[in-house]
Amino acid sequence: MSAADVVARLQHSLPGRVDVSIAAREAARADGSGHAASAPPLCVVEALSVADVQEVLRIASATGTPVVTRGAGTGLAGGANAGGGEIALSVRHMDRVLEVRPDDLIAVVEPGIVNADLDAHLAPYGLWWAPDPASRAISTVGGNIATGAGGLLCAKYGVVRDAVLGVDAVLADGTLLHLGHRTVKGVTGYDLTSLLIGSEGTLGVIVGATLKLRRRVPGEVSTIAAVFADVRTAAAASAAVTAAGVQPAIMELMDAASLAAVHDLLELAPPPAGAAQLTIQTDGPAAAAEAAEVAQILAAHGGEVEVTTDAARGEELLRIRRSMHPAMARLGTTLIEDVSVPRSQLAAMFDEIAAVEARYGLRIPAVAHAGDGNLHPNFIFDGPEVPPAVWEAADALFQAALRLGGTLTGEHGVGVLKRRWLRDELGDAQWQLQQRVRQAFDPAGILNPGKVFEPAPEIRVSAGVVIDEHGRAVVVRKAGAVVFQQPGGKPEAGEDAMTALVREIAEEIGVHVDPAQVEPLGVFRDLAANEPGHTVVADAFRVRVRHADVARGGEIEELRWLTAADAASTPLANLSRNHLLRLAWE
């Protein structure tokens with residue numbers, strides 16, 4: 001089915017909800033990372049209900065069309081970027097609060113509701129949902145769940161995974177699942193809710209969530225700001241706060257470059273040269289006593305400390321941290337990264353950042369959620385494309401984080417920007433297991449393809465296939481300047497000639513393929529019906545093979561049908577030159 005036919009089918013089934021405008025399609029190519037897909041999607045479907053999502057996925061499954069789910073598009077890893085030949089499925093308008101139960105401390109919501117709007121809705125009940133990303137004013141709950149987001153309050157109140165009891169999700173074939181529970185405890189079967197959290201749209205489309213709420217914290221909030229001579233000293237001071245057993249609600253660290261950039265953006269007095277800042281909040285009945293203890297620790301580590309219980313002043317101090325991203329945007333194009341290390345290794349990770357800056361001659365301003373060891377190095381460069389030196393520097397930082405016992409991403413997700421390093425952290429066995437989990441949820445691979453896992457390289461093979469009177473496939477190929485004829489042998493039991501060819505090509509590249517693991521493209525089924533004695537020449541056809549961690553695919557670009565007489569009268573060299581492309585590996 002052509003792209004136009006797919007769009008037409010969507011428009012027929014979902015009238016008024018399929019946007020094919022250039023503006024909508026271009027917007028769906030990118031997210032907050034600055035990365036964009038190479039081409040716009042076929043269309044943007046604005047789903048208004050679960051039934052809409054199911055219909056989109058049924059059509060996508062029937063036509064083999066990839067689907068990329070989007071919320072507000074504020075992600076920072078390229079995970080929701082929709083590209084050429086794909087359907088962008090927006091759930092942004094599914095934004096209702098379906099239920100609030102103060103007695104059970106739960107809320108049931110649709111995925112498109114914005115964090116700040118949910119907080120405003122819960123305020124009259126004296127409740128709140130703890131996840132607090134810096135983008136809370138514009139990011140959606142569904143996006144938070146899809147990426148496993150964090151935020152400023154994680155150290156005390158946990159990440160998104162700690163605040164979700166259940167999700168409703170639609171699988172690639174349109175099946176609706178209700179996962180999780182509404183109870184405090186629940187261990188029936190596998191925990192598929194946790195599996196969906198952070199899966200970045202690769203296992204299913206989240207269409208609803210049962211959230212675990214908290215009662216609003218009583219009492220005054222104390223805010224502490226401390227300026228240090230350098231970032232290493234500030235990091236050591238934050239580790240000392242953690243070691244003392246104090247549990248701040250927020251503990252944020254800004255290095256010298258990020259602090260200076262934000263002061264310039266907000267038109268504040270420049271901070272001392274090289275200075276770093278810790279911003280900490282304590283809450284609850286013990287807030288004042290904890291703030292006093294924190295202030296004492298910070299001062300003992302050389303910090304210039306300010307403590308306030310004034311709410312307006314506290315927000316001013318937090319605004320400095322929350323203004324990090326717009327301040328970076330003024331410096332140039334920014335690659336915002338996200339690594340986590342054990343909190344005891346925070347100072348060492350800042351040392352690694354400084355070393356990478358010096359080695360590659362780059363600017364890498366960095367902030368950290370110091371309470372949980374999550375750092376955000378920001379690579380600054382000119383132009384729209386990430387230079388190779390920046391990727392090399394990023395690789396050095398990622399490897400450093402892993403050496404320190406950390407992880408490649410604490411809250412932004414893998415998306416497209418970190419997929420090349422995924423195997424480094426997971427190892428081969430776990431990487432392959434996760435691939436099999438993904439295939440179990442989405443056998444056809446239509447949900448957010450190319451995200452999280454790098455797409456396997458395609459094999460492009462130029463070949464002519466002669467099916468002789470005995471049903472054997474004889475393959476004529478050109479490899480470089482050498483033209484040769486290779487018999488494919490008699491097909492095995494239950495195998496047609498074209499499947500035999502697929503097996504042969506797989507064996508040539510060193511992949512053993514069980515017939516049950518071969519997924520013929522539609523055109524193979526047509527070719528398999530060809531009668532013996534005819535010749536099929538396929539210019540640049542690609543073979544899709546599914547085997548363990550191998551997934552290769554593509555399309556027939558051109559087909560020629562030659563009779564046996566044509567083949568007999570055409571010299572082999574001419575046949576190859578006229579109808580075959582060179583053997584190429586992509």
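Here are four short exercises on this predicted model, each with a worked solution.

Residues are numbered from 1 along each chain as its sequence is written, and side-chain values use heavy atoms, with hydrogens and water left out. Since the model is predicted, local features need pLDDT of at least 70 and side-chain atom pairs count only at pLDDT 80 or more, while totals for chains, interfaces and linings use all residues.

**Exercise 1. Helix 9**

Work out which residues of helix 9 are buried and what they pack against.

Step 1: find the helix. Helices are DSSP runs (H or I, at least four residues), as are strands (E, at least two), and both are numbered from the N terminus. Helix 9 covers residues 256-265.

Step 2: pick out the buried residues (buried is under 20% relative accessible area, exposed over 50%, partly exposed in between, with a 1.4 Å probe and protein chains only). They are Ser 258, Leu 259, Ala 261, Val 262 and His 263.

Step 3: look for their partners. These buried residues pack against strand 13 (250-254), strand 14 (276-282), helix 11 (311-322), helix 12 (324-329) and strand 18 (366-369), where contact means heavy atoms within 4.5 Å.

Step 4: check the two ends. At the start, a side-chain oxygen of Asp 255 comes to within 3.4 Å of the backbone nitrogen of Ala 257. Just after the helix, Glu 267 has a positive phi of about 60 degrees.

**Exercise 2. Helix 8 meets helix 13**

Describe how helix 8 and helix 13 pack.

Step 1: get the geometry. Helix 8 (residues 231-243) and helix 13 (residues 346-360) pack at about 160 degrees, with axes 8 Å apart. Axes are lines fitted to C-alpha atoms, for helices over the stretch in contact, and angles run from 0 to 180 degrees between N-to-C directions.

Step 2: name the arrangement. That angle makes helix 8 roughly antiparallel to helix 13 (under 35 degrees is roughly parallel, over 145 roughly antiparallel, 65 to 115 roughly perpendicular, the rest oblique).

Step 3: list the residues. Helix 8 brings Val 231, Arg 232, Ala 235 and Ser 238, and helix 13 brings Leu 346, Ala 347, Ala 348, Phe 350 and Asp 351.

Step 4: sort them by class. Ala, Val, Leu, Ile, Met, Phe, Trp, Tyr, Cys and Pro count as nonpolar, Asp, Glu, Lys and Arg as charged, and the others, Gly among them, as polar. The contact has 6 nonpolar, 1 polar and 2 charged residues.

**Exercise 3. Helix 13 meets helix 14**

Do the same job for helix 13 and helix 14.

Step 1: their axes come within 10 Å and cross at roughly 155 degrees. This makes helix 13 roughly antiparallel to helix 14.

Step 2: helix 13 uses residues including Met 349, Ile 353 and Tyr 360, and they meet a set in helix 14 that includes Ala 393, Leu 397 and Arg 403. By class, the contact divides into 10 nonpolar, no polar and 4 charged residues.

**Exercise 4. Lys 418 in its loop**

Decide whether Lys 418 is buried or exposed, and find its polar partner.

Step 1: Lys 418 sits in the loop between helix 14 (388-403) and helix 15 (422-441).

Step 2: with 4% relative accessibility, Lys 418 counts as buried.

Step 3: its side chain makes a polar contact of 3.1 Å with the side chain of Glu 337. A polar contact is a pair of N or O atoms within 3.5 Å; within protein, one must be able to donate a hydrogen and the other to accept it, and residues adjacent in sequence count only if both atoms are side-chain atoms.
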